[in-house]
Amino acid sequence: MTTVIPLKKLTLEKLPTLSHVWKGKLSLPKLEEVIVDECASLKSLFLESVNIQRLEVKNCEKLVEIITRDELVKDDEDADKEVSIFSKLSCLKLWNLPNLSYIYHGMEDSEFSLSNALLPWHMLHSLHKLEELVVGNCGSFETIFDVKDTDIISVEAIFKVKDTLIDIPMKKLTLEHLPTLSHIWNKNPKRSSLSFPCLEEVVVNGCKSLISLLPASLPMSNMIKIDVKNCEELVEIVTKDEADNEETNKELVMFPNLIILTLHNLPNLTYIYSGMQILNLPELRELDISHCKFATDSTAKVVTPLLERVSIDMEGVMMLDKGLLHLDPQNIQYLRLQGFNDIDDSDAASAFNFFPKKVPLPNIQMLVVADSAFKEIFPSKMPEIIHSQLLVRGLELRNLHKLESIGLQHTWVASSNLTWLKVEGCASLKYLFTSLAAKCLVQLEQLHISNCEALESLMVDYQPHDDDHDVIVFQWLKKLSLSNIPKLESFYTGKSTLNFPFLEEVEVTECNRLEYMFTFSTAKSLQNLDQMKISKCELLETVVLATQEANKQHEDLTFSYLQYLTLSELPKLESFFTGNSSTLNFLRFGFEVCISQCQSMKTFSHGHVKAPFLGKVEIDGVRCSEENPLNATVSQQFENRSNKTALMS
């Protein structure tokens, strides 16, 4: 007797001893979705009667097959009927199944069992609803789709169907870390009964044996995204059909709707499509090419009239210089230069030295320079490719180990337009900008600095002996983030006062030479500060340093909008504020303070503290009473910690 269960979704996770999903006669006619993860003892999942819509299997080390033959029905009168497997399946995801040999073996005594394909021919006819296929680190498959020539295999004779054309409506195909995969389609689908009319997105990564990506006969009018990375043997993106006439390939619109094309670390890539002279990509918006050595004798031209985002390395620049890549510079809003490491010191002056003079860049909104050996970004003299002021709004500098100067102070750089600046992994940079450049950063909203080993100060005076005592205002800066800057001693070493009237978020961590965060005069400008988080700064003694003048004038310090204050792992922190004759005010309703591992903190402030709407105080994981004054609470916790240490010693 068969047991019927109306289950719709089945999830099995972290069951290391599970060896069978079920045994015996069982029917799950309404099962739609199955997710299996970390079931290390499973060798198979289902019997061949299962028909689901979504299947996701991952991290099952011993899994050999997904569907196993049902031994109980072999002798039944219907045993010789065609079994419809996965006829409802729309999404199939297989990830980290190193021993997977079959999805469904089936027909084991026929020539189909000899196929080393993930989806053998006898399965393809049932995939007429499959829209997404994701395969990563699975088995040792050499191909994904096992295509047979129709003159060899008669679909009608084998599967007893009248319509021999098999449409697989797959929209998204993702293949990652399949080292033995040499072809996605083992033969040209054009000469079979197989069709993929809806393919929109192809993502391939780490398939080191793959030679080509797509057959030319594949319908590509719906293709929106192609992303191919780390495929060492890949020679071409599109395989030319040998039957095609060379005359028809002189100018080609193969991907009329392609928007994103990414080609990264493909050392043997020779052609996008061999034989063509002009490849038109009329809708391409994003192009990312790096570590791809196209054929030096290639005369093919890639035309991209609507390109907006460009990411290229030295090879890509050479394509531009040789005229192999055509783009309309008026549309380019995002430019990323990456991988310029193999250059001499004499040539490493500026990132703009390498860009072709024939490609002016008037409208760049976002500039990213990464993984290169440039010594400066913006040279003092305006490059020939810039015909007017550079109106960059976002600037990201990442892993530029020789960078000594950004060059924001130069007049041809309209730094007044800059709203976002991120600097990461620039080991030789000692400062970000001069005081002159800082005065121009009137629209800067976010500043993120991390992993800059030599950085000593965010800003230096434009003139070494400048006696100007004016105020430098970062009028619209809202977020400041500093992380792992071991030599940073201060934000600014000059005599001017820094103001941040609209700063909302401050996060500082692992700045081990920083002794204080803000001077009293700067702290007074923090009227919109909402969050402050400071951690792992070994020498930090206080957050706000009071001047002698402030103490004499008995001037108060008020934070009207500060909601969250977190101080953690600051071994030398003694107080938040050193002003002994000033009152420290926190006026925000529900103001929260969290202090942990600040063992030297004896008091919160050397003067009075008023926090009438205190919402939460937590010290070393202990929730303290909000009714007690903040100074008293911190002092009490310091005393308790000291007594505990004395008892332990």
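**Figure 1. Asp 167 and Ser 195 meet through their side chains in this predicted model.** The two side chains are joined by a polar contact of 3.3 Å. Asp 167 belongs to strand E13, which covers residues 166-167. With a relative accessible area of 37%, Asp 167 is partly exposed. Leaving aside residues up to four places away in sequence, Asp 167 touches Leu 127, His 128, Ser 195 and Pro 197. One of these partners, Pro 197, lies 30 residues from Asp 167 in sequence. In space, the C-alpha atoms of Asp 167 and Pro 197 are 7.1 Å apart.

**Figure 2. Val 317 of helix H3 is shown with Phe 355.** Helix H3 spans residues 314-322, and Val 317 sits within it. Val 317 is buried, at 5% relative accessibility. Phe 355 is 38 residues away from Val 317 in sequence. Their C-alpha atoms are nevertheless 6.4 Å apart.

**Figure 3. Asn 137 has a positive phi in strand E11.** Most residues other than glycine have a negative phi. Asn 137 is not a glycine, yet its phi is about 50°. The strand that holds Asn 137, E11, runs over residues 132-138. Asn 137 is partly exposed, and its relative accessible area is 33%.

**Figure 4. Lys 536 has a positive phi in a loop between two strands.** The phi of Lys 536 is near 55°, and this residue too is something other than glycine. Strand E42 (531-535) lies on one side of the loop and strand E43 (542-545) on the other. Lys 536 counts as partly exposed, with 38% relative accessibility.

**Figure 5. Cys 138 is a buried cysteine without a disulfide partner.** Its relative accessibility is 2%. The closest cysteine sulfur to that of Cys 138 belongs to Cys 60. The distance between the two sulfurs is 10.0 Å, which is too far for a bond.

**Figure 6. Cys 207 is buried and has Cys 231 as the residue with the closest cysteine sulfur.** Cys 207 has a relative accessible area of 0%. The sulfurs of Cys 207 and Cys 231 are 5.1 Å apart. A disulfide needs two cysteine sulfur atoms within 2.5 Å, so this pair is too far apart for a bond. The disulfide count for the model comes to 0.

**Figure 7. The second largest cavity has a nonpolar lining.** Its volume is about 100 Å³. Phenylalanines in the lining are Phe 433, Phe 474, Phe 491 and Phe 500. The leucines are Leu 447, Leu 458, Leu 477, Leu 480 and Leu 498. Met 459 also lines this cavity. By class, the lining holds 10 nonpolar residues, no polar and no charged. The model has 6 cavities of 30 Å³ or more.

**Figure 8. The whole chain gives the setting for the close-ups.** The protein chain contains 7 helices and 51 strands. Of its 649 residues, 49% are buried. Contacts between residues at least 6 apart in sequence were also sorted by separation. Among them, 76% join residues at least 24 apart.

Conventions
Residues numbered from 1 in each chain as written. Predicted model: local features only at pLDDT ≥ 70, side-chain atom pairs only at ≥ 80, totals over all residues. Heavy atoms only, no water. Buried < 20%, exposed > 50% of the residue type's maximum accessible area, 1.4 Å probe, protein only. 1 Å grid on protein atoms, 1.4 Å probe; cavity = no way out; pocket = protein on both sides within 12 Å on 5 of 7 lines; lining within 4 Å. Points joined across faces, edges and corners; volume = space filled by probe spheres on them. Nonpolar A, V, L, I, M, F, W, Y, C, P; charged D, E, K, R; others polar. Helix = DSSP H or I, 4+ residues; strand = E, 2+ residues; numbered from the N terminus. Contact = heavy atoms within 4.5 Å. Polar contact = N/O pair within 3.5 Å; in protein donor to acceptor, adjacent residues only side chain to side chain.
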